[in-house]
Amino acid sequence: MNFGVRALRDMFDEAFGCSEGKGRQPYLKLIPWIEEQGFGKLSKQSIQAEELFRSIGITFNVYGDSDGEERIIPFDLIPRIISSREWLHLEKGIIQRVAAINAFLADIYHRQEIIRAGIIPSELINSNAAFLPEMCGFTPPGNIYTHIVGVDIVRTGPDEFFVLEDNARVPSGVSYMIENRATMLQMFPELFANHRIRTVSDYPKQLFQSLAESASSFIDDPNVAILTPGIFNSAYYEHSFLADEMGIDLLEGSDLEVRGGRVTIRTTTGTSPVDVIYRRIDDDYLDPLSFNPDSVLGTPGLFDAYRNGVVMLANAPGAGIADDKAVYSYMPEIIKFYTGEKPLLDNVPTWRCADPESLQYVISNLDDMVVKEVNGSGGYGMLVGPAASKRELKDFSRKLRANPSNYIAQPTLSLSTVPVLTRSGLAPRHVDLRPFVLVSPEKIRVTPGGLTRVALKKGSLVVNSSQGGGTKDTWVLEA
Amino acid sequence: MLGRHADSLFWMARYLERAENSARRIQATLHHTLTRRTGGDEEWEAIIQSTGNTDTYNDQHKSFVMANVINFVLRGKANDDSVVSLLSKARQNAKSVRNALTQEVWQSLNESWMSGKEALKRPVKIQDLPAILENIIKGSSVFRGALYGTMLHNDIFNFLRLGTFIERADNTARIVGFRYQRLLPTASLSLGDTDYSQWEILLRSLSAWKSYNWVHRGRLDPSDVASFLIFDDRMPRSLLFCYGAICKNLTDLETSYGRDYGSAHQARETLKQLVGGKQSDIHRLSLREFIDTLIHANNDLSLAIAVEFNLER
């Protein structure tokens with residue numbers, strides 16, 4: 001079989017390293033298997049996998065796509081493998097970081113010690129759109145703000161891992177992590193027989209347990225439900241998947257009603273109470289009485305009920321201030337401040353364009369930079385300098401100068417690659433990793449692995465599914 | 001169970017049943033057109049008329065030629081009840097209650113929708129028609145099989161079955177009513193000089209041709225046909241059969257929810273009339289009036305269920 005270019009020059013390939021050697025240790029049993037399968041068979045199996053995804057309906061809607069067609073996220077058959085040693089390091093770093101994020105939120109919505117200590121500037125928080133003054137002085141059940149977190153990690157070398165961003169609002173993708181594994185198990189049982197791979201399928205049960213632990217301060221054995229914006233939301237499949245796996249109701253805002261101070265759902269026999277809502281809708285749409293009055297997705301009175309302690313919302317409203325990209329740049333200081341420890345996982349070096357000197361630097365080096373909107377997500381509105389045309393660079397400098405505090409910039413990292421199956425054999429493509437983290441007062445749980453997103457276009461660094469990225473099954477090997 | 005979910009289940013089943021019925025009706029009419037040289041476009045016109053879609057159709061087309069009717073019924077853009085639109089509405093409803101369905105049920109529906117959408121992307125040619133129709137009907141059968149074989153027979157199942165049988169009763173009543181009004185304006189059911197093919201197409205539209213012949217040993221008689229389609233409780237598309245199933249599912253809901261429902265009472269009243277009608281002499285009935293009353297009662301029942309079980313949004 002044609003292995004094509006095994007590794008790109010000056011890049012780290014996770015299967016082959018930097019050379020044309022036999023391959024890196026975690027991949028030593030996989031590589032001969034790929035050779036044995038051969039290109040023809042793998043190509044056929046790749047098509048089968050796609051049919052499987054379509055018929056199960058693992059699809060997403062793309063916003064702004066006029067024909068409204070549902071698409072599937074391309075799934076690449078070649079797994080990405082993480083050794084137990086590598087994972088141990090990642091897991092520790094993630095737990096430390098997520099604990100700090102929760103402590104940060106509790107502080108920001110109470111005494112704001114971190115501002116008083118002069119670690120971060122007041123205006124960064126208090127004039128930030130993601131900061132929710134309505135949450136000030138309120139303590140959520142169990143003192144947990146971010147029950148579910150996704151930490152995006154990139155790699156540039158054997159031991160070089162960086163956190164690219166935190167997702168503290170409603171991180172998505174966990175259903176792909178689980179479905180990718182299920183698909184691989186069905187198609188290649190032999191691989192799982194000769195590798196010892198840590199399971200990911202406990203996630204829904206752990207999610208339920210973690211939410212129940214957080215709610216235990218006000219209720220035992222809670223009624224848990226998921227709140228979705230509805231079937232046209234891009235992540236609807238995931239919402240229904242999780243509800244299904246957890247065996248709980250999938251609600252839309254119109255199913256909920258706040259009655260006599262309690263939160264209830266409208267059922268075929270009347271109403272029944274809800275205690276915990278894993279909401280997959282943004283803060284703004286939760287409650288038209290407290291937030292966006294035009295929201296048709298939300299439930300009037302829900303936020304008051306939350307503040308009165310009769311219902312738990314996960315994640316807490318206002319948690320988004322922790323994944324603001326300008327706040328991200330302070331994360332190393334934030335971790336030190338709350339844990340007293342040195343961060344185990346580094347940030348990607350980040351320039352805050354609000355600072356005039358940084359802005360000057362960013363504009364002069366724009367063709368080497370990745371520039372992001374501080375509040376953006378999903379790969380929208382960002383500039384990848386090396387891939388941009390002269391004109392795009394010029395236009396973007398103008399945008400930067402007009403509203404510098406709206407942007408941060410990072411150097412273009414040479415992200416690690418993993419082989420993918422292309423039409424002409426294997427080829428290295430850039431990847432990132434989103435591990436999923438569950439936080440309760442008792443425990444922080446990290447599912448081994450996470451979702452590997454891969455930029456399927458040659459040379460591309462943008463892994464977002466909305467921008468043509470794909471996914472891979474991600475294996476963490478047992479020790 | 002969420003009221004909205006019950007609503008989605010109920011309508012999902014109704015839309016699917018409606019799509020299947022449309023496909024069966026085209027199948028019967030096609031068979032008629034290909035085997036009898038008489039009648040012209042009348043039978044194609046009848047498809048449009050009996051579904052109450054004439055105005056929308058006339059906005060689009062001048063005549064009732066086969067190609068126009070088929071494409072209107074299967075994939076007409078202006079037709080909210082085209083098969084393609086019904087499949088997509090059924091799937092949309094299924095999607096919003098996905099976690100109430102088993103993987104097999106959902107998948108069967110998703111696959112029908114995918115293949116239906118693909119097959120009906122372009123205008124349908126007559127050489128492709130039989131396979132397309134068969135595929136739609138088969139999709140419905142697979143769905144039904146998955147439903148019976150994999151779902152818990154609980155309230156979810158009851159709402160699905162209610163949707164199916166209320167839609168089916170409506171369809172059978174409309175087809176029978178329309179046909180008898182056209183053929184027998186006097187409402188007397190003595191066998192006149194009638195073209196057998198008219199009764200054949202009626203029976204075939206309800207996939208009852210073979211079963212009628214089985215029961216009546218080939219003796220074609222309008223009064224027997226009416227009686228078979230309305231009162232024979234062995235025939236899965238007869239009105240009595242439908243109402244037996246409707247009553248059973250409502251009684252199940254009464255049992256599992258531990259209370260009485262007005263809608264269940266309404267359904268049992270209709271069932272009583274059907275049983276009574278079966279025992280009385282059909283010749284003395286005004287068939288048209290009987291059918292009209294039933295269509296109304298069926299509609300009212302659908303609305304009463306929506307109110308009593310919190311179905312409306």
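**Aromatic contacts in the predicted model**

Good morning. I begin with a cation over a ring: Arg352(A) sits over the face of Tyr330(A), 3.8 Å from the ring centre. Chain B offers a further case, in which Arg91(B) lies over the face of Trp113(B), also at 3.8 Å from the ring centre. Please bear in mind that this is a predicted model.

I turn now to contacts between rings. Over all chains, a search of the whole structure returns 26 aromatic pairs. One of them joins Phe291(A) and Phe303(A): the ring centres are 4.9 Å apart and the planes meet at 70°, so the pair is classed as edge-to-face, the cut-off being over 60 degrees. This pair links distant parts of the chain, twelve residues apart. Phe291(A) belongs to the loop between β11 (276-279) and α9 (302-307) of chain A, whereas Phe303(A) is in helix α9 itself. Both Phe291(A) and Phe303(A) are buried.

The second pair for today is in chain B. The rings of Trp11(B) and Tyr15(B) have centres 5.5 Å apart and planes at 40°, so this pair counts as tilted. Why are Trp11(B) and Tyr15(B) separated by about one helical turn? Because they are four residues apart in helix α1 (residues 3-35) of chain B. As for exposure, Trp11(B) is partly exposed, with a relative accessible area of 25%. Tyr15(B), at 14% relative accessibility, is buried, because the limit for that class is under 20%.

Finally, I return to chain A. Phe291(A) and Phe303(A) form one aromatic cluster together with Phe138(A) and Tyr306(A). Thank you for your attention.

Note on methods:
Residues are numbered from 1 along each chain as its sequence is written. Chains are lettered from A and ligands numbered from 1 in the order in which they are written. This is a predicted model: local features need pLDDT of at least 70, side-chain atom pairs count only at pLDDT 80 or more; totals for chains, interfaces and linings use all residues. Side-chain values use heavy atoms; hydrogens and water are left out. Rings of Phe, Tyr and Trp (its six-membered ring) pair if their centres lie within 6.5 Å; planes under 30 degrees apart count as stacked, over 60 as edge-to-face and the rest as tilted. Helices (H or I, at least four residues) and strands (E, at least two) are DSSP runs, numbered from the N terminus. Buried means under 20% relative accessible area, exposed over 50%, partly exposed in between (1.4 Å probe, protein chains only). A charge sits over a ring if NZ of Lys or CZ of Arg is within 6 Å of the ring centre and within 35 degrees of the ring normal.
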